[in-house]
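Got the viewer open? Let's take a walk through this one, a selection at a time.

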Amino acid sequence: RHQLEEARKTVFRKEVAAKLAEFEPQFEAYRNNVQQVVGMFARSDANPKAIAEFVARPEFAQGGQIAENTLHAISALKEAGARNTVISAQERVESGVRVTLIILAAGLLAFTMIGYVIAWSIRRPLRNMGETVRQLADGQLDISVPHTDFSNEIGRLAQSIEVLQSGARQMEMQRWVKTHLAALSSELQGATGFTELSQKFLSAIAPLIGLGHGVFYVFEED
């Protein structure tokens, strides 16, 4: 009885509880038969032959066998439940490992892609900056400096290059003015009159400023 009560504490599934409910009346019937035999032995006029015949009846052994079979069925159900629980736990662990590996692989792939995108987003502007500096060094001062609208270090670098470009343009303009001013002055110094002076001046300056036609006026008060 004590073991039966202890066993009932570990029963959670309906099929095991049903088998346990079947076992109790079977056990009680077998126990009653055993008590009846014990009572027959306890009598003063006990008849060993009658007792032996009572015990030898198929019903007597059948009751104990049925109870024992039910116990075996309960044990088998408990073992199967434990086995299924272990298998289910193993499957959950394996599934968790697979999910973890998939997440790690996906995370690694995502980080790799993000790293590539970040590296590309840095290399491409720097490559453009390098090409821009090379063109400026070759004297192409009218090109547009890219990435000046960026709000990071690339943008500040582009703005610095734009400042250098502006300074180079001013220096180039001053050089251009000085060069042609010297040539024009030298040309005008050889003029012998106003007519020749105007011809030399207009001929020299026309190609520089895209002049198509020009007239030189001399003011005379009289």
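## Start at M40

Select M40, and show what surrounds this side chain: not counting residues up to four places away in sequence, M40 touches A46, A50, I51 and F54. You are in helix α2 here. Draw a distance from the C-alpha of M40 to that of A50, and you should get 9.0 Å, for two residues 10 apart along the chain. Is M40 buried or exposed? With a relative accessible area of 18%, M40 is buried; the cut-off for that word is under 20%.

Before you move on, a word of caution: this is a predicted model.

## Zoom out

Now show the whole protein as a cartoon. You can count 6 helices and 0 strands, so to speak an α-α-α-α-α-α pattern when you read along the sequence. The radius of gyration is 56 Å, while the globule rule gives 17 Å for 222 residues; the value for this protein is well over that, so the protein is more spread out than a compact globule. If you turn on a bounding box along the principal axes, the C-alpha atoms fill roughly 180 × 30 × 25 Å.

Colour by accessibility next. Of the 222 residues, 16% count as buried. Switch to a surface and you are looking at about 16,800 Å² of accessible area, with 61% of that belonging to carbon and sulfur atoms. As for contacts with a separation of 6 or more, 44% of them come from residues 24 or more positions apart.

## Stop at R13

Go to R13, in the loop between α1 (2-8) and α2 (14-42). Which residues does R13 touch, beyond those up to four places away in sequence? They are L77, K78 and G81. R13 counts as partly exposed, at 31% relative accessibility. For a feel of the scale, draw a line from the C-alpha of R13 to the C-alpha of L157: the two are 144 residues apart along the chain and separated by 73 Å.

## Where α4 meets α5

Hide the rest and keep helix α4 (residues 58-137) and helix α5 (residues 153-188). Two packed helices are described by the angle between their axes and the distance between the axes. For this pair, the axes come within 11 Å and cross at roughly 5°. That makes α4 roughly parallel to α5, because an angle under 35 degrees counts as such.

Show the side chains that make the contact. On α4, pick P125, L126, M129, T132, V133 and L136; on α5, pick I154, L157, A158, I161 and Q165. Colour them by class and you get 9 nonpolar residues, 2 polar ones and no charged ones.

Two of these residues deserve a closer look. Start with T132, in helix α4. T132 is buried, with a relative accessible area of 5%. Setting aside neighbours within four places in sequence, T132 is in contact with I143, V145, P146 and I161.

Then click on Q165, over in helix α5. Is Q165 buried or exposed? Its relative accessible area is 4%, so Q165 is buried. Leaving out neighbours within four places in sequence, the contacts of Q165 are L136, L141, D142, I143 and V145. I143 and V145 turn up in the contacts of T132 as well, so keep them displayed.

## The loop and its neighbour

Follow the chain into the loop between α4 and α5, where you will find H147. Check the backbone here: phi of H147 is near 65°, a positive value in a residue other than glycine. Most residues other than glycine have a negative phi. H147 is also buried, at a relative accessible area of 12%.

Last selection: Q159, in helix α5. Leaving aside neighbours within four places in sequence, Q159 is in contact with T148 and F150. Q159 counts as partly exposed, at 37% relative accessibility. How far is Q159 from S75 in space, C-alpha to C-alpha? The answer is 83 Å, for two residues 84 apart in sequence.

Methods. Residues are numbered from 1 along each chain as its sequence is written. This is a predicted model: local features need pLDDT of at least 70, side-chain atom pairs count only at pLDDT 80 or more; totals for chains, interfaces and linings use all residues. Side-chain values use heavy atoms; hydrogens and water are left out. Axes are lines fitted to C-alpha atoms, for helices over the stretch in contact, and angles run from 0 to 180 degrees between N-to-C directions. Helices (H or I, at least four residues) and strands (E, at least two) are DSSP runs, numbered from the N terminus. Angles under 35 degrees count as roughly parallel, over 145 as roughly antiparallel, 65 to 115 as roughly perpendicular and the rest as oblique. Contact means heavy atoms within 4.5 Å. Ala, Val, Leu, Ile, Met, Phe, Trp, Tyr, Cys and Pro count as nonpolar, Asp, Glu, Lys and Arg as charged, and the others, Gly among them, as polar. Buried means under 20% relative accessible area, exposed over 50%, partly exposed in between (1.4 Å probe, protein chains only). The radius of gyration is taken over C-alpha atoms; the globule rule is 2.2 Å times the number of residues to the power 0.38. Accessible areas come from the Shrake-Rupley method with a 1.4 Å probe; for residues, only the protein chains shown count as cover.
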